[in-house]
Amino acid sequence: VLGGLGSLQHVTNNHTIPCIASTAAAPGGWRAWLPLSQAWQPSAHPVGKNPGPFRGVGSEGCQAPFFPGDKAGRGNSFPWLGGGRQPARRRRIDTEKGRDDRCISRTRRRCPLWLLSQLLLAVSLAGVSSWKTRHEPTSGGFHGVGRVPQVFWNCFKRRGVMPSMIGGEEVELLNDSHYEKIRTMCGVSLSDLSQDLFHFDNLEKGGGKGGSLMQFTKDGRLLVKQLSGDDQQSLEEWYASYSERVTADNGESLLARFFFHFRRPHDDKYYVVMNSVFPAESLDTVWDLKGCADDKLVRDNGKSVAQVHKRWFMLHWLVSEATSGCLLPQERNEYKEGKTRARTQTFKLESEDFSAVTHSVRRDVHWLRECGLMDYSLIVGILRRDCNADGSPPEFPPGGVGMPNQPYVMVEGKRATAYYIGIIDYLQGWTGGKKCAHIIKVLFAPKPISTIEPGAYADQFLNANDRRFKTAPPRPKPSG
């Protein structure tokens with residue numbers, strides 16, 4: 001009630017009647033404004049000479065506000081405004097004195113909650129001249145309401161919860177003042193998530209072990225992803241620090257960008273809208289690297305590599321891998337071969353790009369260590385093309401939204417290689433489940449393992465990157 005009392009006004013019979021916003025009682029989220037007087041009918045109150053929303057004691061009237069009850073006008077149906085329906089003895093009509101005892105103004109004056117509600121109404125009415133216009137889909141708003149009082153818009157921003165529209169559905173944006181800084185830097189707005197570009201019905205399970213629902217927008221620029229419980233908890237805890245890290249130094253961080261964090265009332269799940277580190281164009285090769293035995297090849301020669309994971313209950317696979325491997329399916333053999341290649345894969349960068357990448361990775365990993373996060377990956381996409389006739393590199397598509405100075409281009413002979421680099425899946429904390437998984441992997445999994453405490457994971461990750469990135473010879477100058 002206190003959060004919903006509004007300054008929107010409903011005019012009936014030349015009388016101004018205060019309204020409230022029906023929020024908590026509405027099952028679908030934000031709903032239209034509900035006037036307190038919608039149940040009031042002039043014909044339902046035959047007694048008294050003032051049929052308007054203000055009824056007094058007798059014909060003179062004390063201008064005490066009359067809040068309607070049921071259709072017969074028998075008392076107040078809002079207990080929080082004055083104690084609920086009055087007893088029958090209070091509703092009797094004294095015809096000799098011409099007084100309607102249904103007026104409960106004196107009772108209300110003695111009710112602290114009623115006095116508080118009137119004070120809130122007065123304060124909100126002071127802000128009625130300042131409105132926040134709803135521009136769908138570039139800003140938030142209420143369903144069925146074109147404008148929202150500025151006083152409540154500011155109140156939502158202070159609470160960190162903003163009603164808005166994504167994919168044609170109402171959602172609640174969380175801590176949006178921080179993500180707004182990232183969107184401003186990267187040129188992203190709600191129009192990039194209109195119903196024409198994204199719809200929740202198209203969400204599908206991703207290829208990772210977590211199986212979270214996700215979907216790229218039709219233009220391939222943004223990814224909508226459902227958060228697990230651990231990821232949601234980490235983002236709620238570190239959103240302010242994350243915003244500072246991503247926007248520092250003109251956005252030189254390699255962390256994937258989160259542009260929106262929201263709750264979807266339809267399923268009561270939490271989601272993020274993030275960038276794609278890679279361009280929309282299909283890449284030749286993609287590596288997912290953690291610096292341990294979980295490194296893998298995701299895409300090779302322009303085709304996706306099936307992620308065929310081995311599980312402890314697949315005893316025939318365990319026996320086959322320990323011997324000749326003849327019982328394994330072809331997709332499993334290809335996946336295993338890609339993992340072996342990933343452990344020793346190296347990348348050559350020009351001197352300036354090498355310094356920029358290693359510096360950004362070290363700063364990002366330092367932040368992740370301080371936040372107690374682990375199990376993140378360095379993702380590297382590669383696109384190869386022939387050089388121009390003069391030996392200069394060809395034009396490559398730019399990196400993903402908000403990833404500046406990418407790709408990193410390296411020329412060897414007559415071939416140019418473009419690298420797209422980012423850090424993803426970095427919201428996993430060192431939880432009880434991960435500690436149990438650590439014990440199991442220490443006993444049974446190939447070494448080194450990824451499920452280790454955040455400090456050790458950061459050191460392992462950085463050491464692997466130091467071995468992985470190399471400085472290429474200076475690029476030859478174009479002829480002529």
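Six strands form an open sheet in the order 17-16-15-20-22-21, and their pairing is antiparallel. Strand 17 (303-304) and strand 21 (408-412) stand at the edges with a single partner strand each, so one side of each is left without a neighbour in the sheet. Strands here are DSSP runs of E with at least two residues, helices are runs of H or I with at least four, and both are numbered from the N terminus. Two strands count as paired if DSSP finds at least two bridges between them.

The model is predicted: local features need pLDDT of at least 70, side-chain atom pairs count only at pLDDT 80 or more, and totals for chains, interfaces and linings use all residues. Residues are numbered from 1 along each chain as its sequence is written, and side-chain values use heavy atoms, with hydrogens and water left out.

**Strand 20 and its partners**

Strand 20 (residues 377-386) is mostly covered, with 7 of its 10 residues buried. Buried denotes a relative accessible area under 20%, exposed over 50%, and partly exposed in between, computed with a 1.4 Å probe on protein chains only. Strand 20 pairs with strand 15 (residues 285-289) in the antiparallel sense over 5 bridges. Within this pairing, threonine 285 has isoleucine 382 of strand 20 as its bridge partner, while valine 286 is matched with glycine 381 of strand 20. Strand 20 also pairs with strand 22 (residues 415-424), again in the antiparallel sense, over 10 bridges. There, leucine 378 stands opposite isoleucine 423 in strand 22.

**Helix 9 on the sheet**

Helix 9 packs on the sheet and touches strand 15 and strand 16 (296-300); contact means heavy atoms within 4.5 Å. The direction of helix 9 makes about 110° with that of strand 16. Axes are lines fitted to C-alpha atoms, for helices over the stretch in contact, and angles run from 0 to 180 degrees between N-to-C directions.

Helix 9 (residues 330-344) has 15 residues and should span 21 Å at 1.5 Å a residue; its end C-alpha atoms are 22 Å apart, which agrees. The expected span is 1.5 Å times one less than the number of residues. The buried residues of helix 9 are Arg332, Tyr335, Gly338, Lys339 and Ala342. They cover an arc of only 125° around the axis, which puts them on the same side of helix 9; the arc is that of the directions from the helix axis to the C-beta atoms. On the other side of helix 9, Gln330, Glu337, Thr340 and Thr344 are exposed.

**Backbone features in loops**

Most residues other than glycine have a negative phi, and most peptide bonds are trans. The table lists two cis peptide bonds and two residues with positive phi.

| Feature | Value | Loop |
|---|---|---|
| Cis bond, glutamine 406 to proline 407 | omega near 10° | proline 407: between strand 20 and strand 21 |
| Cis bond, lysine 447 to proline 448 | omega about -5° | proline 448: between helix 11 (432-444) and helix 12 (454-468) |
| Positive phi, asparagine 175 | phi near 50° | between strand 9 (169-174) and helix 6 (176-186) |
| Positive phi, aspartate 268 | phi near 60° | between strand 13 (258-264) and strand 14 (269-275) |

Asparagine 175 is buried, with a relative accessible area of 12%, whereas aspartate 268 is partly exposed at 47%.
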